[in-house]
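The following exercises concern the structure shown below. Each task is followed by a solution that proceeds step by step.

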Amino acid sequence: MSLEIKTFPLGPLANNTYLLMDSASLQAVIVDPTFDSYHILDTILKERLTLNQIWLTHAHFDHIAGAKLFSELRQPPLPIGLHPADLDLYHSGGIASVFGIDMIALPEPSLFFEDGQHLEIGEQAVEVIHAPGHSPGHVLFYAPQISTLLTGDLIFKNGVGRTDLPGGDGQQLMASIYHQVLSLPPETRLLPGHGPETTIQEEADNNPYLT
Ligand SMILES: [Zn+2]
Ligand SMILES: [Zn+2]
């Protein structure tokens, strides 16, 4: 019985939406629900999961587009969790307008993350790590019991997050990668917001942005 993670590559920007579940209690949370993420409802029903919360690594539109759908699955709505430093970005529709995309109005976040906070999924704990740079309130979700880190848009296989969008900061991004990611055990599995999974060791060896 442990923490399990399912990956759903979805939407026009090839986002990874993640479903985290405690296999003992069948409690679950969804991370970064993107466009077209209603496909995940099938899995939630089939596996008889109880979805409890929606966690956002950051507030760019492609990571929050499905938040309303999942929040409104139940009454009262399921809490949406976000770092408060990304609230302005969230309220602006996650800069969807910069990309010429119309966003629906989203429910207000009611769970505010801070660095070092422990979140629960049934009997499993997941740690919040504040890692700004791609956006001011970007966070990582760390599950040491399965050596797994959800990295959002901080670091990818052979890449790093862009820092040219409002609130981005290149120096901060590299500091976050060095202090918050590369300091973890090298075998740690990295599950990014876009593209294939990797490990800290693989990126330390091969990522051209890390010298
Ligand atoms: Zn982003
Ligand atoms: Zn993204």
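## Exercise 1: Thr57 and its surroundings

The side chains of Thr57 and His58 are joined by a polar contact of 2.9 Å. The model examined here is a predicted one.

**Task.** Establish where Thr57 is found, whether it is buried or exposed, and which further side chain makes a polar contact with it.

**Solution.**
1. Thr57 belongs to the loop between E4 and H2.
2. Its relative accessible area is 1%; because residues under 20% count as buried, Thr57 is buried.
3. Besides the contact with His58, the Thr57 side chain makes a polar contact of 2.7 Å with the side chain of Asp32.
4. When neighbours within four places in sequence are left aside, the residues in contact with Thr57 include His63, Val139 and Phe141.

## Exercise 2: The zinc ion (ligand 1)

**Task.** Identify the protein donors of the zinc ion (ligand 1) and describe how they are spaced along the chain.

**Solution.**
1. Four residues coordinate the zinc ion (ligand 1): His58 through NE2, His60 through ND1, His134 through NE2 and Asp153 through OD, at 2.1 to 2.4 Å.
2. Along the chain, these donors follow the spacing H-x1-H-x73-H-x18-D.
3. The pair His58 and His134 links distant parts of the chain, 76 residues apart: His58 lies in the loop between strand E4 (50–55) and helix H2 (61–64), and His134 in the loop between strand E8 (124–130) and strand E9 (139–143).
4. Angles among the four donor atoms run from 87 to 170 degrees, and the site is irregular.
5. His58 has 0% relative accessibility and therefore counts as buried; His134, at 3%, also counts as buried.

## Exercise 3: The zinc ion (ligand 2)

**Task.** Determine which residues are the protein donors of the zinc ion (ligand 2), and explain why their arrangement is irregular.

**Solution.**
1. The donors are Asp62 (OD), His63 (NE2), Asp153 (OD) and His194 (NE2), and they lie 2.1 to 2.6 Å from the zinc ion (ligand 2).
2. Their spacing along the chain is D-H-x89-D-x40-H.
3. The four donor atoms subtend angles of 87 to 157 degrees. A tetrahedral site would need all angles between 85 and 135 degrees, and the range found here makes the arrangement irregular.
4. Asp153 bridges the zinc ion (ligand 2) and the zinc ion (ligand 1), and these two ions lie 3.5 Å apart.
5. Asp62 counts as buried at 5% relative accessibility, and His63 is buried with a relative accessible area of 0%.

## Exercise 4: Strand E9 and its partners

**Task.** State with which strands E9 pairs, and explain why E9 is largely enclosed by the rest of the structure.

**Solution.**
1. E8 and E9 run antiparallel and are joined by four bridges. Within this pairing, His130 has Val139 in E9 as its bridge partner.
2. E9 also pairs with strand E10 (residues 148–152), in the antiparallel sense and over three bridges. Here the bridge partner of Tyr142 is Leu149 in E10.
3. E9 and E10 form a hairpin with four residues between them, and Ser147 in the turn has a positive phi of about 45 degrees.
4. In a regular strand, side chains alternate between the two faces of the sheet. In E9, Val139, Phe141 and Ala143 point one way, whereas Leu140 and Tyr142 point the other way, and all are buried.
5. Because five of the five residues of E9 are buried, the strand is largely enclosed by the rest of the structure.

## Exercise 5: An aromatic cluster

**Task.** Characterise the ring pair of Phe61 and Phe99, and name the cluster to which these residues belong.

**Solution.**
1. The structure holds four aromatic pairs.
2. In the pair of Phe61 and Phe99, the ring centres are 5.1 Å apart and the planes stand at 45 degrees, so the pair is tilted.
3. This pair links distant parts of the chain, 38 residues apart: Phe61 is in helix H2, and Phe99 is in the loop between helix H4 (87–91) and E6.
4. Phe61 counts as buried at 2% relative accessibility, whereas Phe99 counts as partly exposed at 36%.
5. Ring pairs link Phe35, Phe61 and Phe99 into a cluster.

Notes: Residues are numbered from 1 along each chain as its sequence is written. Chains are lettered from A and ligands numbered from 1 in the order in which they are written. This is a predicted model: local features need pLDDT of at least 70, side-chain atom pairs count only at pLDDT 80 or more; totals for chains, interfaces and linings use all residues. Side-chain values use heavy atoms; hydrogens and water are left out. Donors are N, O and S atoms within 2.8 Å of the metal (3.2 Å for Na, K and Ca); water is not among the atoms, so sites may look incomplete. Four donors count as tetrahedral if all angles lie between 85 and 135 degrees; four count as square planar and six as octahedral if opposite donors are over 155 degrees apart and all others between 65 and 115; anything else is irregular. Buried means under 20% relative accessible area, exposed over 50%, partly exposed in between (1.4 Å probe, protein chains only). Helices (H or I, at least four residues) and strands (E, at least two) are DSSP runs, numbered from the N terminus. A polar contact is a pair of N or O atoms within 3.5 Å; within protein, one must be able to donate a hydrogen and the other to accept it, and residues adjacent in sequence count only if both atoms are side-chain atoms. Contact means heavy atoms within 4.5 Å. Rings of Phe, Tyr and Trp (its six-membered ring) pair if their centres lie within 6.5 Å; planes under 30 degrees apart count as stacked, over 60 as edge-to-face and the rest as tilted. Two strands pair if DSSP finds at least two bridges between them.
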